[in-house]
Amino acid sequence: MNRLIGDLVDVASIEAGALTVTPQLGDPKQVVTEAVDTFQAQASASGVSLVAETPPGPSTVAELDHARILQVLANLVGNAIKFTPSGGSVVVRFERTEQELRFAVRDTGRGISADQLESIFERFHQIEKRDGRGVGLGLYISKCIVQGHGGRIWVESRPGEGSSFWFTLPVANARAPRLESCAPGPPDSRV
């Protein structure tokens, strides 16, 4: 219930153009590790292997809003576990290139059909309309948070082959948040 209330508050903030994204110097590897640690018990209870893959060596320092990127990873990891059958796996990956931070959450779940790949990030979108395990806000909010960092988010998937959700953040992120691109326009008639 708390998560639903938090999601609804975030959606209201997005619609008002007031969702706060405050990048500060932080370690993206730490955010990945924290997300995996948070969901380890849930993954184990579901019979799903959950691992983090981060580059070896010293920590990476980048500008990001730790709590908001953790929220994005929580949405992606939670969905991956939810849609991966027992015996499957979820891998959370981070790497840094010269120009961007690249995150991925890959699962061995049932996958997503091609006709759903673009709409999956829309407000209230659910792959299965009668799925009572969510209301279809997590990916929309994640998209807005990533865009607020000046990044992009997308999914690659095929039915029966699992899914890979990717998002990137620019390495040099001195821009103001750009959340207006998430505003859905007129109120949704499904609300």
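**Figure 1. Glu 95 and its salt-bridge partners in the predicted model.** Glu 95 counts as partly exposed, at 22% relative accessibility. Its side chain meets that of Arg 93 in a salt bridge, 3.3 Å from N to O. A salt bridge also links Glu 95 to Arg 102, at 2.9 Å from N to O. Both arginines are partly exposed: Arg 93 has a relative accessible area of 28%, and Arg 102 one of 23%. Side chains of opposite charge can pair when their charged atoms come close.

**Figure 2. Glu 100 and the salt-bridge network.** The side chains of Glu 100 and Arg 102 meet at 2.7 Å, N to O. Glu 100 has 17% relative accessibility; the cut-off for buried is under 20%, so Glu 100 counts as buried. Shared partners join Glu 53, Arg 93, Glu 95, Glu 100 and Arg 102 into one network of salt bridges. The count of salt bridges comes to four.

**Figure 3. The open five-stranded sheet.** The strand order is E2-E4-E5-E7-E6, and the pairing is mixed. Strand E2 (49-53) and E6 are the edge strands; each pairs on one side only. On average, neighbouring strands are turned by 10° against each other, direction ignored.

**Figure 4. Strands E2 and E4, with helix H2 packed on the sheet.** E2 and E4 pair in the parallel sense over five bridges. Val 51 has Val 91 in E4 as its bridge partner. H2 packs on the sheet and touches E2, E4 and E5. The direction of H2 makes about 175° with that of E2.

**Figure 5. The E6-E7 hairpin.** E6 and E7 run antiparallel, joined by six bridges. Glu 156 has Ser 164 in E7 as its bridge partner. Five residues lie between the two strands of the hairpin. In the turn, Gly 160 has a positive phi of about 85°.

**Figure 6. The two faces of E6.** In a regular strand the side chains alternate between the two faces of the sheet. Along E6, Ile 153, Val 155 and Ser 157 point to one face and are buried. Arg 152, Trp 154 and Glu 156 point to the other face and are not buried.

**Figure 7. The largest nonpolar core.** This core holds 43 residues. Leu 50, Ile 69, Leu 73 and Phe 167 touch the most other members. Helices H2 (28-45), H3 (66-82) and H4 are among the elements that give two or more residues to the core. So are strands E3 (62-64), E4 (89-96), E5 (100-107), E6 (152-157) and E7 (163-170). H3 gives the most, with nine residues. In soluble globular proteins, nonpolar side chains tend to be buried together.

**Figure 8. Contacts of Leu 50.** Residues up to four places away in sequence are not counted here. Leu 50 touches Val 36, Phe 39, Gln 40 and Ala 43, among others. Its contacts also include Val 77, Ile 81, Val 90 and Val 92.

**Figure 9. Helix H4 and the glycine after it.** H4 spans residues 138-148 and is largely enclosed by the rest of the structure, because 10 of its 11 residues are buried. The buried residues include Gly 138, Leu 139, Tyr 140, Ile 141 and Ser 142. Lys 143, Cys 144, Ile 145, Val 146 and Gly 148 are also buried. Gly 150, just after H4, takes a positive phi of about 85°.

Definitions and conventions. Residues are numbered from 1 along each chain as its sequence is written. This is a predicted model: local features need pLDDT of at least 70, side-chain atom pairs count only at pLDDT 80 or more; totals for chains, interfaces and linings use all residues. Side-chain values use heavy atoms; hydrogens and water are left out. Buried means under 20% relative accessible area, exposed over 50%, partly exposed in between (1.4 Å probe, protein chains only). Helices (H or I, at least four residues) and strands (E, at least two) are DSSP runs, numbered from the N terminus. A nonpolar core is a set of buried Ala, Val, Leu, Ile, Met, Phe, Trp, Tyr and Cys residues joined through side-chain atoms within 4.5 Å. Contact means heavy atoms within 4.5 Å. Two strands pair if DSSP finds at least two bridges between them. Axes are lines fitted to C-alpha atoms, for helices over the stretch in contact, and angles run from 0 to 180 degrees between N-to-C directions.
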